[in-house]
Amino acid sequence: MSSGTSAQGPRLRPSLDGIPTYKPGKPAGADAYKLSSNENPNNPLPGVLEAAVAAAGSFNRYPDMGAGELTAVLAERFGVPTEHIALGTGSVGVAQSLVLATAGPGEEVIFAWRSFEAYPIITQIAGATPVPVPLKDNGDHDLDAMLAAVTPNTRLIFVCNPNNPTGNVIHRAELERFLDAVPGDVLVVVDEAYIEFIRDPEVPNGIDLYRDRPNVCVLRTFSKAYGLAGLRVGFAIAHEPVANALRKTAVPFGVSQIAQAAAVASLRSEEALLVRVEALVEERDRVVAGLRAQGWEIPDSQANFVWLGLGERSADFAAACAAAGVIVRPFPEGVRVSIGETEGNSIFLAVAEAFRKAL
């Protein structure tokens, strides 16, 4: 043993001490329904499992790092150049690459709060400064306050539409006004992880907004509507300089060949996808109507979850749900409940009714 060996172990970055660890939705046992992670409760779409199994036969080889087939199918599906597409390990992996590509020490990343839990984490990992801007009382993004938070050090702004975990959306006129007011050298990332569940006609498609705005990037995922959460594949659509930067900051070979094959097969099974998504939307509407009939005041969710702003009572409500056989996701401000199997949703509604009567 070297005389210079220290019992203290290696020195890690002190800044890591202030970074919270991402907290996934609590897993459910065999006798409980998992409504904590916004997953699609359905089995893979037709042909997807077969495509994934076929691709697994060659996992002794590295995947196609450029994801050529998936990129081409995405480009055709959304009417964008292949050079404008960059992939990563779920939308959160792409989001981290976006921060790494734009912001470092002394530079700032703005986002609404509460919003997607990963935003402040990936910002701090990059050494940049997170700038959370409180939501309005009704759960909407406060776009005026976000604009007021922009400084010469601002490099990136996350806009989550619909917002996770509240489900609120931003309409076209207000989002376009916001985008037009943001300085052109600040990247705005429109995170649309739940876009397939939107039924409000006033909510824009971010891809329409990005086309003539070089500083707008759209973030999408296969984890939610497409049901590929376990395979980790997401993508960004952005103008070529941004997409190139994403490819530089991405983990090499991050998206497996199995994930690529499953994503391609999912895109080719769009008819079945639309049927499943519509069924989830109808179930969401049933849950929302049931909660409001019980007297709850909740946001008009356009995602695959609902939000109860319970504040300090959130942990108690989550415990009551767990005791009844459903696992939900508590936050300090409230509880997010995914739309899952009909039986699980009905159990949640029963717990919500009893809990409200006891308040």
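## A tour from strand E11 outward

Select Arg329: this residue stands opposite Arg336 in E12. The model on your screen is predicted. Keep Arg329 in view and start with the sheet around it.

**Stop 1: the three-stranded sheet.** Show strand E11 (329-330) and strand E12 (residues 335-338). The two pair in the antiparallel sense over two bridges. Now add strand E9 (305-308). Together they make an open sheet of three strands in the order E9-E12-E11, with antiparallel pairing. E9 and E11 each have a single partner strand, so they stand at the edges, and one side of each is left without a neighbour in the sheet.

**Stop 2: from Arg329 to Glu117.** Go back to Arg329 and add Glu117. They form a salt bridge, with the closest N and O atoms 2.6 Å apart. Glu117 sits in the loop between strand E3 (108-113) and helix H4 (118-125), while Arg329 belongs to strand E11, so the pair ties together parts that are 212 residues apart in sequence. Are the two partners buried or exposed? Glu117 is buried, at 14% relative accessible area. Arg329 is buried too, at 8%.

**Stop 3: a cis bond in the same loop.** Stay between E3 and H4 and select Arg114, which lies in that loop. Look at the peptide bond from Trp113 to Arg114. That bond is cis, with omega near 15°.

**Stop 4: another cis bond.** Move to the loop between strand E5 (154-160) and H6, where Pro162 has its place. Select Asn161 as well. The peptide bond from Asn161 to Pro162 is cis, with omega near 0°.

**Stop 5: along helix H6.** Show helix H6 (residues 172-181). Pick Arg172 and Glu176. Their closest N and O atoms are 3.5 Å apart, and they form a salt bridge. The two are four residues apart in the helix, separated by about one helical turn. Glu176 is partly exposed, with a relative accessible area of 26%. Arg172 also counts as partly exposed, at 32%.

**Stop 6: out of H6 to Arg213.** Next select Asp180 and Arg213. This is another salt bridge, with the closest N and O atoms 3.0 Å apart. Asp180 lies in helix H6 and Arg213 in the loop between helix H7 (206-210) and strand E7 (216-221), so the pair ties together parts that are 33 residues apart in sequence. Check the surface here. Asp180 counts as exposed, at 58% relative accessibility, whereas Arg213 counts as buried, at 14%. Add Asp212: Asp180, Asp212 and Arg213 are linked in a network of salt bridges. How many salt bridges does the model have by this count? The count comes to 14.

**Stop 7: two positive phi values.** Select Asn38, in the loop between strand E1 (33-34) and helix H1 (48-56). Its phi is near 55°, a positive value in a residue other than glycine. Asn38 is buried, with a relative accessible area of 1%. Then jump to Phe253, in the loop between helix H8 (240-249) and helix H9 (257-267). Phi of Phe253 is near 60°, again positive in a residue other than glycine. Phe253 is partly exposed, at 36% relative accessible area.

**Last stop: zoom out.** Colour residues 33-343. An unreviewed UniProt entry annotates them as "domain: Aminotransferase class I/classII large". Over this range the chain is 39% helix and 17% strand. Finish on the two ends of the range: their C-alpha atoms are 8 Å apart.

Key: Residues are numbered from 1 along each chain as its sequence is written. This is a predicted model: local features need pLDDT of at least 70, side-chain atom pairs count only at pLDDT 80 or more; totals for chains, interfaces and linings use all residues. Side-chain values use heavy atoms; hydrogens and water are left out. UniProt positions are given in the numbering used here, feature names are shortened, and annotations may be inferred rather than shown by experiment. Two strands pair if DSSP finds at least two bridges between them. A salt bridge is a side-chain nitrogen of Lys or Arg within 4 Å of a carboxyl oxygen of Asp or Glu. Buried means under 20% relative accessible area, exposed over 50%, partly exposed in between (1.4 Å probe, protein chains only).
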